[in-house]
Amino acid sequence: MNRKGIFIFTVALASAMAGVDAQSLRVDLKQRGHEVNEDMYGIFFEEINHAGDGGLYAEMVQNRGFEEHVLPRGMVYRDGKIYAPNLPSYATHEKADWSDKWDMEAKKMLGWRVEAEGCRVAHEVSEPEYPLHKNTPNAMKLEIDGAGKVTLANSGYWGMAVKEGEKYDLRFYLNAPGYKGILTVEIYDVEKGKTVGSETLHPASLDHWTELTATLQAASDARHCELRIVFGASGQSVMWVDYVSLFPQNTFKGRENGLRKDVAEILAGLQPQFMRWPGGCIVEGATLDNRVRWKETLGDPMTRRGEWSLWGYRSTYGFGYHEFLQFCEDLGMDGMFVANAALGCSFRNGDYTDDPAELERYLQDIRDAIDYAIGDPSENEWARRRAEAGHAEPFPLKYVEIGNENFGPVYVRHFNYMYGKLKKEYPQIVFINTMGGNDDEMKDVVKTDMVDPHWYVNPDFFFGANDLFDKRQRKDFTVYVGEYACNAEVGSGNMLAALSEAAFMLGMERNGDMVQMASYAPLLVNVNQPNWACNLIWLDSYRTMGRASYYVQKMMAENRPDYNVQVNLTQTEPEKKSFQEGTVGVGTWNTQAEFRNIRLTARGSTREVSIQELQGRRGTWKADAGVLAQSSSENCTMSALPGEGYEEYTMELQARKTGGTEGFFVFFGLDEASRKGYVFNIGGWGNSGTAAQTVDGFSTGNIISPTVPVTIETGRWYDLKVEVRKDAATLYVDGKEMCVAHAPSFAKQFFAAGYDEQAGEAVIKVVNADTVPYKTRLVLDGAAKVNASGKVITLKADKATDENTLDEPEKIVPVEKAYSKFARKFSYTFEPLSVTVLRVKTTR
Ligand code: AHR
């Protein structure tokens, strides 16, 4: 790339140079590049993996309001499952009938246990005649018979942890007409079998719903406690218990209904400049009815209805809109509110409304959210509510995303309508479109401030995508990479994942004119109930742990330069990869097809492959009269030739489409389990083009060739030939060469450099993804003076597969060291498998 006024990054390959010493990195401080936005690095919060309830939100009681079993709005329950209404999806235009399993009885008692000693007790979670609050009508009914002791215990989010000397505020409601027995509340250490704090309560009367409170002080540290409410029963009584809440007094910044201190602190450690809330898919909802409604997240937590999160558990809405905005203010972050665009989640039901009056209601809901955050209380009802909640001053809301991962014509229509109105009314807000920004999808978008592409990929993709934004054409909108993570082929998130993310992030940073913001996803996981493969921060009830990826995020944010400077690199040739050895196969995607006359040339001989030899791995396959037919509409059907793999081979065959929306798959380089390999997707993407892709576990992945305009007609036999050599695979259709795929290859070192005005320092970032040291000569051009003393921050691991764990949280952490050998020209050896930041004091 070479654009006027834009940062120039040059890579000169020095393949002929012998040895690593020949490499040099020339940083030209006089060649100022793009600015790096102050809000470049932020965080994305969603109620997934118990990130809020059982995570950041400090409430210690799980299922505090006995509402866990309440069905998602708009769904029905039948035979152990919940069902969404059968409505057309905006994405497929076909009726969707999304469903999920639902264990009603287990949900009712989630977190709770009832025990009797010396008496009998019956218990039931249901709606009393006079509920505590209409929004949260369910409660626990206890019917006690006899003299003895009844314990109602809650085990929290897989154990409650307390700290010696700290105080915990208990609040609960009891409606127990005539109950006269003793009432004790305690925190009980289950591991050690002892009470660590208790109080006896003496309520005057319990004839109606009565709020009871107590402060319990922990006598010792304990990691695995439960909260117990103990009734000393002396006869017959019927009582209702509701909204049982236990909160540490020591929340982050001491806020009421606040956040777990250690979790908030590890987030603060990322120095995030913005926060996106409340999601993610939950913004859209499994159905529209199930979407997050921010207005219901306000007020006394006891009155918050909550809603089932499509990640499989109920969200209490305890960490609501007000708490989110407060957290933004506390950490000095700009707020990003994600609004529903009148579309449900396309991965679930994808239902939507196009009714103008409804659309107007969704739009008004966005206006109200903006007003709640930044409006004037003397002029606006929602701003007045903010003031009443104790915050008369505006909150730092700066961004509004219209939808989440929505796309297609319905979304574009809704977006154009909403953006058109909102931008005029709130010109100070940056509005974000949820699509990736490519020309085709954006062609009907009238105007947007930003777009939001997401990437959940394998390491190769991110290493390869280091220059993705170098090559992208600039448009009149900027880019927010709202969700990204290397979460495939990297265990639970190892050093290789972190290195590849670092490589990708350097590319984003270098292209600061275009990529203005980025946030990793998902942010948090309670390890006792994960929903997602790789998450940035792990926690349980008493620990938190940042993965290597966490430290990459932290290093990038702590060392964000004000602007880039030019880096010219002389580098050894990137390692060339070859296609993995493997076998061949045929298949389809949502298409029916027939295959015949298969011939394989390998190891110097050619043979006819009998169709009986191919084994159906997915789809409905039938071999008859020399034709192998696939008749299902499944995605990624596969019939593969079993046996050992080949290194270089040619497969020829004939294929005919008999129905469906696409063309054919010809697999190559498939491993024995037929899980990983490559495919020529002929007439893919709704029969719009042909390209080679990676394959992993019956799912297609990265595109590794140009996409060519080959489409497939129904009913016609095509002659196909795939020729596989070590580093290239070629597809021929009807005798003509159509598409060449090269084995994916990427460099092992990645770079960016910039200048930090305030510190007066050049900031040079280098990722060495190689397993050997990377020795290079650095030249600081354009520096008036270079101070020999500076610092070096290094994150490294011994093995690419190394991971931090809760038991070994500091296996991979950045180490900062003073360094005294900086000069205009100096040599530096970057450690194997490392991310390094050099901070050099220099004047330009
Ligand atoms: O981060 C997890 C999910 O991934 C988000 O909810 C969604 O936006 C994406 O599909």
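**Exercise 1. Find which residues come nearest to the ligand, and describe their contacts.**

Solution. Start with the shell: of the 14 residues around the ligand, Glu46, Cys281, Glu405, Tyr456 and Glu483 come nearest. Here, a residue is near a molecule if one of its heavy atoms lies within 4 Å of it. Before going on, note that this is a predicted model: local features need pLDDT of at least 70, side-chain atom pairs count only at pLDDT 80 or more, and totals for chains, interfaces and linings use all residues. Residues are numbered from 1 along each chain as its sequence is written, and side-chain values use heavy atoms, with hydrogens and water left out.

Next, look for polar contacts, meaning pairs of N or O atoms within 3.5 Å; within protein, one must be able to donate a hydrogen and the other to accept it, and residues adjacent in sequence count only if both atoms are side-chain atoms.

- Cysteine 281 places a backbone N or O atom 2.8 Å from an oxygen atom of the ligand.
- Glutamate 405 has a polar side-chain atom 2.7 Å from an oxygen atom of the ligand.
- Glutamate 483 has a side-chain N or O atom 2.7 Å from an oxygen atom of the ligand.

Then check the cover: on its own the ligand has 280 Å² of accessible area, and the protein covers 97% of that. These areas come from the Shrake-Rupley method with a 1.4 Å probe.

**Exercise 2. Work out how strand 33 is covered and which strands pair with it.**

Solution. First, locate strand 33 at residues 583-587, where five of its five residues are buried. Buried means under 20% relative accessible area, exposed over 50%, and partly exposed in between (1.4 Å probe, protein chains only). Strands are DSSP runs (E, at least two residues) and helices are runs of H or I with at least four, numbered from the N terminus.

Second, sort the residues by face. In a regular strand the side chains alternate between the two faces of the sheet. In strand 33, Thr583, Gly585 and Gly587 are on one side, Val584 and Val586 are on the other, and all are buried.

Third, find the partners; two strands pair if DSSP finds at least two bridges between them. Strand 41 (residues 664-670) runs antiparallel to strand 33, joined by four bridges, and threonine 583 stands opposite leucine 670. Strand 39 (residues 638-640) is also antiparallel to strand 33, with two bridges; there, valine 586 has serine 639 as its bridge partner.

**Exercise 3. Locate two cis peptide bonds.**

Solution. Take tryptophan 277 and proline 278: the bond joining them is cis, with omega about 5°. Proline 278 sits in the loop between strand 18 (274-277) and helix 3 (281-284). Now take alanine 521 and proline 522, also joined by a cis peptide bond, with omega about -15°. Proline 522 belongs to the loop between strand 28 (515-518) and strand 29 (524-526).

**Exercise 4. Decide whether lysine 253 and tyrosine 317 are buried or exposed.**

Solution. Begin with the backbone: lysine 253 has a positive phi of about 60° although it is not a glycine, and tyrosine 317 has a positive phi of about 65°. Lysine 253 is in the loop between strand 17 (222-248) and helix 2 (261-268), while tyrosine 317 is in the loop between strand 20 (313-315) and helix 4 (321-331). Finally, apply the cut-offs: lysine 253 is exposed because its relative accessible area is 51%, whereas tyrosine 317, at 6%, is buried.
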